[in-house]
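The exercises below are meant to be worked through with the coordinates open, and each is followed by a stepwise solution. Try each task before reading on.

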Amino acid sequence: MRAFVNTLDVESDEDALSSPAACADWLRARGLLDRAGRPSWEDLARAVAVREALRALLVANNGGTLDPDAVAVLDAAAREAGVALRFDAAGGAALAPAATGVTGGLGRLLAIVAAGMAAGTWSRLKACREGTCRWAFYDRARNRSRTWCSMAVCGNRSKTRAYRARQAAH
């Protein structure tokens, strides 16, 4: 899930989901789309909307305000994918999509999100507070206090800006 959010490098504006073919390649490489799936531009737009809605949830995990539009996008994507509780032959249960193609692949990503929420690990997945970054990272700090993806890069940028602002105010 973190890798999906990080398909867009906000700072460099490089997007691994730059075309339907690139989207298909990314999803296939992770077992989320079969060989027969041929994404359309509409599928790509849906994938990008889901990615950015997930990023919005990660911003909220890092103390930001939750965008209600993001929740609506994710809810609609789960509905379209037909994500529901499914049982396997061994009697195990998991969320899985009924849909195929890109819609089904996005549904599988949303099922991973739901599993992380149920396991209690979701709140540790955050988006960097640095506005030019927004990279998704897993907060391994004991007290769950990390705010930047990298203290050496984004943390330093933020602290340098704050220092310069204080100096300019004097």
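**Exercise 1.** Determine which residues glycine 104 touches, not counting residues up to four places away in sequence, and decide whether glycine 104 counts as buried or exposed.

*Solution.* Begin with the contact criterion, which is heavy atoms within 4.5 Å; with residues up to four places away in sequence set aside, glycine 104 touches Pro97 and Ala99. Next, place the residue: glycine 104 lies in helix α5, where helices (H or I, at least four residues) and strands (E, at least two) are DSSP runs numbered from the N terminus. Then apply the accessibility classes, in which buried means under 20% relative accessible area, exposed over 50%, and partly exposed in between, with a 1.4 Å probe and protein chains only. Because its relative accessibility is 0%, glycine 104 counts as buried. The model is predicted, so that local features need pLDDT of at least 70 and side-chain atom pairs count only at pLDDT 80 or more, whereas totals for chains, interfaces and linings use all residues. Residues are numbered from 1 along each chain as its sequence is written, and side-chain values use heavy atoms, with hydrogens and water left out.

**Exercise 2.** Compare the span of helix α5 with the expected one, and identify what covers its buried residues.

*Solution.* Helix α5 comprises residues 101–119, 19 residues in total, and reaches 27 Å from its first C-alpha to its last, close to the 27 Å expected at 1.5 Å a residue; the expected span is 1.5 Å times one less than the number of residues. The buried residues of α5 include Val102, Leu106, Leu110 and Val113, with Gly105, Gly107 and Gly116 also among them. The cover over these buried residues includes α1 (2–5), α2 (20–29), α3 (41–61), α4 and β4 (93–96). Beyond the helix, α5 is followed by glycine 120, which has a positive phi near 85°.

**Exercise 3.** Characterise how α3 is oriented against α5 and against α4.

*Solution.* Take the axes as lines fitted to C-alpha atoms, for helices over the stretch in contact, with angles running from 0 to 180 degrees between N-to-C directions. Angles under 35 degrees count as roughly parallel, over 145 as roughly antiparallel, 65 to 115 as roughly perpendicular and the rest as oblique.

- For the first pair, the axes of α3 and α5 come within 10 Å and cross at roughly 15°, which means that α3 is roughly parallel to α5. On the α3 side the contact is made by Asp43, Arg46, Ala47, Val50, Leu54 and Leu57, and on the α5 side by Val102, Thr103, Leu106, Leu110, Val113 and Met117.
- For the second pair, the axes of α3 and α4 come within 8 Å and cross at roughly 130°, and α3 and α4 are therefore oblique to each other. Among the residues that meet here are Ala49, Val50 and Ala53 in α3 and Val71, Leu74 and Ala77 in α4.

**Exercise 4.** Locate valine 83 and state which residues are in contact with it, leaving aside neighbours within four places in sequence.

*Solution.* Valine 83 sits in the loop between α4 (68–81) and β3 (84–87). Its relative accessibility is 24%, so valine 83 counts as partly exposed. Apart from neighbours within four places in sequence, valine 83 is in contact with Ala78, Leu95, Ala96, Pro97 and Gly107. For leucine 95, twelve residues away along the chain, the C-alpha atom is separated from that of valine 83 by 6.2 Å.
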